[in-house]
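Me: I'd like to learn how to read a model like this one. Can you take me through it feature by feature?

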Amino acid sequence: EMAALDLLYYKFLTDASSIAQALGNYGDAQVYQAQAAALSAAINQYYWDPVAGFYWDDVGHTIKGYQASVLAVLYDVAPAGQGQSILNQVMDSQYHVGLSSPSFYFFVLQALAKAGMYPQASAAIRGLWGAMRAQGATTWWEQWNPSLDRVGNPLPAGVIPNVSLAHGYGTSPLYYL
């Protein structure tokens, strides 16, 4: 039970329904769509917190669902009209979404666009990828700062970063733009 994974499975079900529909397998399409609808309802029942204004990643509401909230907006699972508010709850003033790596921004930038937050998406690109460039990047990295560990602590002296400095998944601004 994890909201972000449930949301990725929801997307799989809606895509499977679309593919089945395109292939003329209407019965399968209906089955997948019904499963997706049931999963969407369960996601909103168990993970959505209307008071906090975001999704939790666990049913016990102990882990803030940064990625889950982004995916809920992107995949239209979030309550209608709540996209901007939800994204503002999980994104800081520097456009960081929890500890999300550059690869997850493939989803973040699309969710910002879906919520009509185009200036924020452009500012995120300028700020986050601009900071990479300011650190000397000539390619896009696997994480925002390779001299830090995955939770933001400086690596000990002499430790070689275990991250890619030419990471294809960091290129989401190119797709988005």
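What follows is a short chat about the overall fold, two helices and two pockets.

Reply: First, the ground rules. This is a predicted model, where local features need pLDDT of at least 70 and side-chain atom pairs count only at pLDDT 80 or more, while totals for chains, interfaces and linings use all residues. Residues are numbered from 1 along each chain as its sequence is written, and side-chain values use heavy atoms, with hydrogens and water left out.

Me: How many helices and strands are there in the protein?

Reply: Helices (H or I, at least four residues) and strands (E, at least two) are DSSP runs, numbered from the N terminus. Here you get 7 helices and 2 strands, in the order α-α-β-β-α-α-α-α-α along the sequence. The C-alpha trace spans about 60 × 40 × 30 Å along its principal axes.

Me: What share of the residues in the protein is buried?

Reply: Go by relative accessible area: buried is under 20%, exposed over 50%, partly exposed in between (1.4 Å probe, protein chains only). Of the 177 residues, 39% are buried.

Me: And how do I check a helix, say α2: what length does it reach?

Reply: Compare the end-to-end distance with the expected span, which is 1.5 Å times one less than the number of residues. α2 (residues 26–46) has 21 residues and reaches 30 Å from first C-alpha to last, close to the 30 Å expected. For α1, with 20 residues, the expected span is 28 Å, and its end C-alpha atoms lie 29 Å apart, which agrees.

Me: Which residues of α2 are buried?

Reply: A bit of helix geometry helps here. An α-helix has 3.6 residues a turn, so residues three or four places apart point the same way. In α2, the buried ones are Ala29, Ala36, Leu39, Ser40 and Ile43. They cover an arc of only 105° around the axis (taken from the directions from the helix axis to the C-beta atoms), which puts them on the same side of α2. On the other side, Gln30 and Gln45 are exposed.

Me: What do the buried residues of α2 pack against?

Reply: Look for contacts, meaning heavy atoms within 4.5 Å. The buried residues of α2 pack against α1 (3–22), β1 (48–49) and β2 (54–55). From the α1 end, the buried residues include Leu7, Tyr10 and Leu13, and what covers the buried set of α1 includes α2 and α3. After α1 comes Gly24, with a positive phi near 80°.

Me: Where does Ala42 lie, and is Ala42 buried or partly exposed?

Reply: Ala42 lies in α2 and is partly exposed, at a relative accessible area of 25%. Its C-alpha is 9.4 Å from that of Asp6, although the two are 36 residues apart along the chain.

Me: Now pockets. Which residues line the second largest pocket?

Reply: On a 1 Å grid over the protein atoms alone, a pocket is an open set of points where a 1.4 Å probe fits, with protein on both sides within 12 Å along at least five of seven lines; lining residues have an atom within 4 Å of a point. The second largest pocket is lined by Met2, Ala4, Leu5, Leu8, Asp57, Gln67, Leu71, Phe104 and Phe107. The largest share, 3 residues, comes from α1.

Me: Which residues are closest to the centre of the largest pocket?

Reply: The largest pocket holds about 310 Å³ (the space filled by probe spheres set on the grid points, which are joined across faces, edges and corners). Of its 15 lining residues, the closest to the centre are Leu99, Ser100, Trp144, Asp149 and Arg150.
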